[in-house]
Protein chains: 2
Amino acid sequence: MARPPRFDTGQLLDAAVRLAADGGPAAVTMAAVAQAVGAPSGSVYHRFAGRTALLAEVWLRTTEHFQEGCTAALGSDPDPVRAACATARYVVAWSRAHPEEAAVLLYGARDFGRAEWSAEHTARAESGNTRLFAAVAALAEALGATDDPARERLTLALVDLPMSLVRRHVRGGRPLPPYAEDLTEQCTAALLRDMHAV
Amino acid sequence: MARPPRFDTGQLLDAAVRLAADGGPAAVTMAAVAQAVGAPSGSVYHRFAGRTALLAEVWLRTTEHFQEGCTAALGSDPDPVRAACATARYVVAWSRAHPEEAAVLLYGARDFGRAEWSAEHTARAESGNTRLFAAVAALAEALGATDDPARERLTLALVDLPMSLVRRHVRGGRPLPPYAEDLTEQCTAALLRDMHAV
DNA sequence: CCTGTATTAGAGGCCTCTCTCTAAAACAGT
DNA sequence: ACTGTTTTAGAGAGAGGCCTCTAATACAGG
């Protein structure tokens, strides 16, 4: 009933992610994406309302992809310490498997123009965040982390520390070393072990 | 013997840092900097060879400012564990005192156009890095961190973990909580304490 | 006061990017 | 074959940013 598409949304987003990974969000221009897949600029505008929408989709698809497995890992084990370690491992393993998307994740939503997003895109971002926060909060309660510093320490151990390890290597353009997952898990365990002692 | 300057280099860099802090490196345009201080664009070009040079100076002045106190903190105490904790505290305290520069530091040199820097700027960046690496390496040896994973764990404890804490708040636009320094020091201590146990 | 120099002042060219608009193309169903 | 719909295809306007260039300006020293 209609002409078949030569360039679909996923293909364009893939190209945009690649551009963002090795050039930062500023390198994601409509012209660059079009050229990367060999399409005229009109085809990109047919899929996305504008550059703002494209950047929002790049960010949202990547974070949602990441958060999907992350929330799963957070609830993967009845023992909260083991669940935390599994989550930390997941962050590193996911980044190893998806280095370009990991490079996107090292930026923030603001770098992808969050201030100008549509209400729909903003809502999607908040929805994903609240779901992840809920899973972290549940784990925090299971670990007895009741006050703000303790909750923040948990977040550091779960997400920020693994991401830092990833950042150090991805930003340098090198692949993650083989011991990355083990190192991350040890650090996370160390941060959780001493939490009750203080 | 000459007309006195109305806009000096430091003033222009201050404006550029402010723009970068709340708009990312992309917001640092020659026109924006000129407008921010009320100067014509020609005055900006009189101080900087071009946008590439301006971005490089923004990054280098900020990192050098940060590294100055950082290397001092690394050698501030003969006991390596105490020196490490002092360094971690310094990272947070410096960010609290200089929130705009801290926001710049959360990006990377690549985001400030490192690929197009002059040889001179690149050399300055490497010089600062090697000095800092040397101080970290000395501390690593004092702590018995000989292999790659142990050295990386030390770097995480010293710099990356404090920076993560800063990132979480600065990126959200909020000030650092009062307990930030204490929390950071506890986390750093926990990571170092268990290092020998593994 | 006169001269030399560093700086301001801003107009204007060039380039890139965003976005719009029109026309053509390719296919499914009748 | 015809129709309707989606998509490609690409030209072109408008805006903004980088950079250059020339003229004017303000001061120090003789």
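Helices here are DSSP runs of H or I at least four residues long, and strands are runs of E of at least two. With that in hand, take residues 29-48 of chain A in this predicted model: the span is 75% helix and 0% strand, and its end C-alpha atoms sit 12 Å apart. UniProt, in an unreviewed entry, labels this stretch "DNA-binding region". The record also puts a wider feature, "domain: HTH tetR-type" (again from an unreviewed entry), at residues 6-66 of chain A. For that span the helix content is 72%, strand content is 0%, and the end C-alpha atoms are 28 Å from each other.

Zooming out to the whole of chain A, the count is nine helices and zero strands, so the pattern along the sequence simply reads α-α-α-α-α-α-α-α-α. Taken along the principal axes, the C-alpha atoms of chain A fill a box of roughly 60 × 35 × 30 Å. Half the chain is tucked away, in the sense that 50% of its 198 residues count as buried. As for how the chain folds back on itself, among contacts in chain A with a separation of 6 or more, 71% link residues 24 or more positions apart.

Next comes the pairing of the two protein chains. Chain A lands on chain B after a rotation of 180 degrees with 0.0 Å of shift along the axis, and the RMSD is 0.0 Å. The two copies are thus related as by a two-fold rotation axis. The interface tells a matching story: 100% of the interface residues of chain A are also interface residues in chain B, so the copies meet through the same surface.

On to the DNA. Strand D is surrounded by 23 residues, and the closest are A:Arg6, B:Met1, B:Arg3, B:Tyr45 and B:Arg51. By class, this surface is made up of 11 nonpolar, seven polar and five charged residues. Looking from the DNA side, 68% of the strand D atoms within 4 Å of the protein belong to sugar or phosphate, with the rest in bases.

A few individual polar contacts fill in the picture. A:Arg6 places a polar side-chain atom 2.4 Å from a phosphate oxygen of DNA strand D. A:Arg3 instead has a polar side-chain atom 3.2 Å from a base oxygen of that strand. From the other chain, B:Met30 contributes through its backbone, where a polar atom is 3.0 Å from a phosphate oxygen of DNA strand D. In terms of secondary structure, the elements giving two or more residues to the surface near this strand are α3 (41-47) of chain A, plus α2 (30-37) and α3 (41-47) of chain B. The largest share, five residues, comes from α3(A).

One residue in chain B gives a closer look at packing elsewhere in the model. B:Thr184 belongs to helix α9, residues 180-193 of chain B. Is B:Thr184 buried or exposed? Its relative accessible area is 1%, which is under the 20% cut-off, so B:Thr184 counts as buried. Setting aside residues up to four places away in sequence, B:Thr184 touches B:Ala88, B:Val92, B:Pro162 and B:Leu165. The side chain of B:Thr184 also has a polar partner, reaching the backbone oxygen of B:Ala180 at 2.9 Å.

Methods:
Residues numbered from 1 in each chain as written. Chains lettered and ligands numbered in written order. Predicted model: local features only at pLDDT ≥ 70, side-chain atom pairs only at ≥ 80, totals over all residues. Heavy atoms only, no water. Least-squares fit on C-alpha atoms with pLDDT ≥ 70 in both. Contact = heavy atoms within 4.5 Å. Near = heavy atom within 4 Å. Polar contact = N/O pair within 3.5 Å; in protein donor to acceptor, adjacent residues only side chain to side chain. Nonpolar A, V, L, I, M, F, W, Y, C, P; charged D, E, K, R; others polar. UniProt positions renumbered as here; feature names shortened; annotations may be inferred. Buried < 20%, exposed > 50% of the residue type's maximum accessible area, 1.4 Å probe, protein only.
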